[in-house]
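Here are some short exercises to work through with the model open beside you. Try each task before reading its solution.

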Amino acid sequence: MKIKLNQLDILLEVAAQGSIGKAAKALNLTQPAISKTIQEMEAEIGMPILQRSSRGVTLNEYGQVLLRHARDIDRSLHQARDELDHLLGKAMRQLRVGFTAAASYGPFTSTMIQYQARFPGVKLVAMEGRLQQIHHALENQRLDIAVITAGCDITTSGMYYEALYALSNTIIASEQHPITHTTSLKNLINYPWLDWDEPGEHSILAQVFRRYNLPLPQNIVHCSSPWIMARMMQQADMVSMWTSVRLRFPEYNINLRPLALREVLPATSIGILCPNVGRLSTAGSTFMEMLRINSRDWLRENDALEMVVRGA
């Protein structure tokens, strides 16, 4: 018999769910795709394997034989994966990952946890910094890979960059800020500002004001700590541009609020940066693939709906 592994996966799910519809939903497939796979398996063995009723589907005696062996194969594959992970973990000694603060929310944190659990023998080092600091550390081989926050006109200076998703941006201030109505960037220029980066082409705030042909505010405090920023905004009439994930943190969303602007702010890209993807270590390649998968899964969750810019 020429039964494929993905066909056995579908058989296991149909048996577990007792329903083609539920199995399709669990596997993120369509019901016709599930039905076609079952028909292909029945054609291969020359016998029907399902019994249908108003309550769903069950496996008949031919299906039960196939199911028993499918479970044995599934167990063997899991054992093989465990053994391969053990060998891979022994081959990998260290992974140094850089990240910007906004990139740490969601899939990055879950990837770090899963990676450590899967490869406990690998020394995992994580360093937070701003984009220019991380870029410099990658160039000088103090980091292997990074997950970064970048503006829409990111330049990577010959490095490999892969976008994962994009976050919306908002201008925020304290609840006590005098601006209470819809406003524009022009009306905010004379207020003190907080920016993550020092002045320069890479500053996302500078990109925004340049986009609308406006001069940068004269009074800008540059600070890389969101906690200090939040405290300053709470105690003074200051404004700042934050990605949408910032206000998800309880310590920030109580006393800070988004301002309604007429301008549309550009999205901020979250992506992977490394000097040369072709020369990335096995440790780095494995982390990258896990992050891709976790990012795709996270984008399907309700948690991401209010933060992610679709199609950016």
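Helices are DSSP runs of H or I with at least four residues, numbered from the N terminus. The model used here is a predicted one.

**Exercise 1. Around helix α8**

Task: Find which residues of α8 are buried, and what the buried residues pack against.

Solution:
- Step 1. Select helix α8, residues 204-211, and count as buried every residue with under 20% relative accessible area. The helix turns out to be mostly covered, with 6 of its 8 residues buried.
- Step 2. Listing the buried residues gives Ile204, Leu205, Ala206, Gln207, Val208 and Phe209.
- Step 3. Look for the packing partners of these buried residues: they include the strands β5 (145-150), β8 (193-195) and β9 (220-222). β10 (239-243), β12 (268-274) and α7 are also among the partners.
- Step 4. Move on to Asn213, just after α8, and you will find a positive phi of about 55°.

**Exercise 2. Ile10 and its helix**

Task: Place Ile10 in a helix, then decide whether Ile10 is buried or exposed.

Solution:
- Step 1. Ile10 belongs to helix α1, which spans residues 5-17.
- Step 2. The relative accessible area of Ile10 is 6%, so the residue counts as buried.
- Step 3. Leave out residues up to four places away in sequence, and Ile10 touches Leu27, Leu29, Ile34 and Thr37.
- Step 4. For a distance check, take Met41: Ile10 and Met41 are separated by 31 residues in sequence, while their C-alpha atoms are 10 Å apart.

**Exercise 3. Two helix crossings**

Task: Describe how α1 crosses α3, and do the same for α5 and α11.

Solution:
- Step 1. Two packed helices are described by the angle and the distance between their axes.
- Step 2. For α1 and α3 (residues 31-45), the axes come within 10 Å and cross at roughly 110°. Therefore α1 is roughly perpendicular to α3. Their crossing is left-handed.
- Step 3. At this contact, Gln7, Leu8, Ile10, Leu11 and Val14 of α1 meet Ile34, Thr37, Glu40 and Met41 of α3. Sorted by class, the contact of α1 with α3 has 6 nonpolar, 2 polar and 1 charged residues.
- Step 4. For α5 (residues 107-118) and α11 (residues 282-298), the axes come within 9 Å and cross at roughly 135°. These two helices are therefore oblique to each other, and the crossing of α5 and α11 is right-handed.
- Step 5. On the α5 side, the contact residues are Pro107, Phe108, Ser110, Thr111, Met112, Gln114, Tyr115 and Arg118. They meet Ala283, Thr286, Phe287, Met290, Leu291, Asn294, Ser295 and Trp298 of α11. By class, the contact of α5 with α11 divides into 9 nonpolar, 6 polar and 1 charged residues.

**Exercise 4. A serine and two cysteines**

Task: Locate Ser184 and identify the residues that it touches. Then count the disulfides.

Solution:
- Step 1. Ser184 sits in the loop that runs between β7 (169-174) and α7 (185-188).
- Step 2. With a relative accessible area of 10%, Ser184 is buried.
- Step 3. Setting aside residues up to four places away in sequence, Ser184 touches Leu261, Arg262 and Glu263.
- Step 4. A search for disulfides gives 0. As for burial, Cys223 is buried at a relative accessible area of 12%, and Cys274 is buried at 0%.

Notes:
Residues are numbered from 1 along each chain as its sequence is written. This is a predicted model: local features need pLDDT of at least 70, side-chain atom pairs count only at pLDDT 80 or more; totals for chains, interfaces and linings use all residues. Side-chain values use heavy atoms; hydrogens and water are left out. Axes are lines fitted to C-alpha atoms, for helices over the stretch in contact, and angles run from 0 to 180 degrees between N-to-C directions. Angles under 35 degrees count as roughly parallel, over 145 as roughly antiparallel, 65 to 115 as roughly perpendicular and the rest as oblique. A crossing is left-handed if the near helix is turned anticlockwise from the far one by less than a right angle, and right-handed if clockwise. Contact means heavy atoms within 4.5 Å. Ala, Val, Leu, Ile, Met, Phe, Trp, Tyr, Cys and Pro count as nonpolar, Asp, Glu, Lys and Arg as charged, and the others, Gly among them, as polar. A disulfide is a pair of cysteine sulfur atoms within 2.5 Å. Buried means under 20% relative accessible area, exposed over 50%, partly exposed in between (1.4 Å probe, protein chains only).
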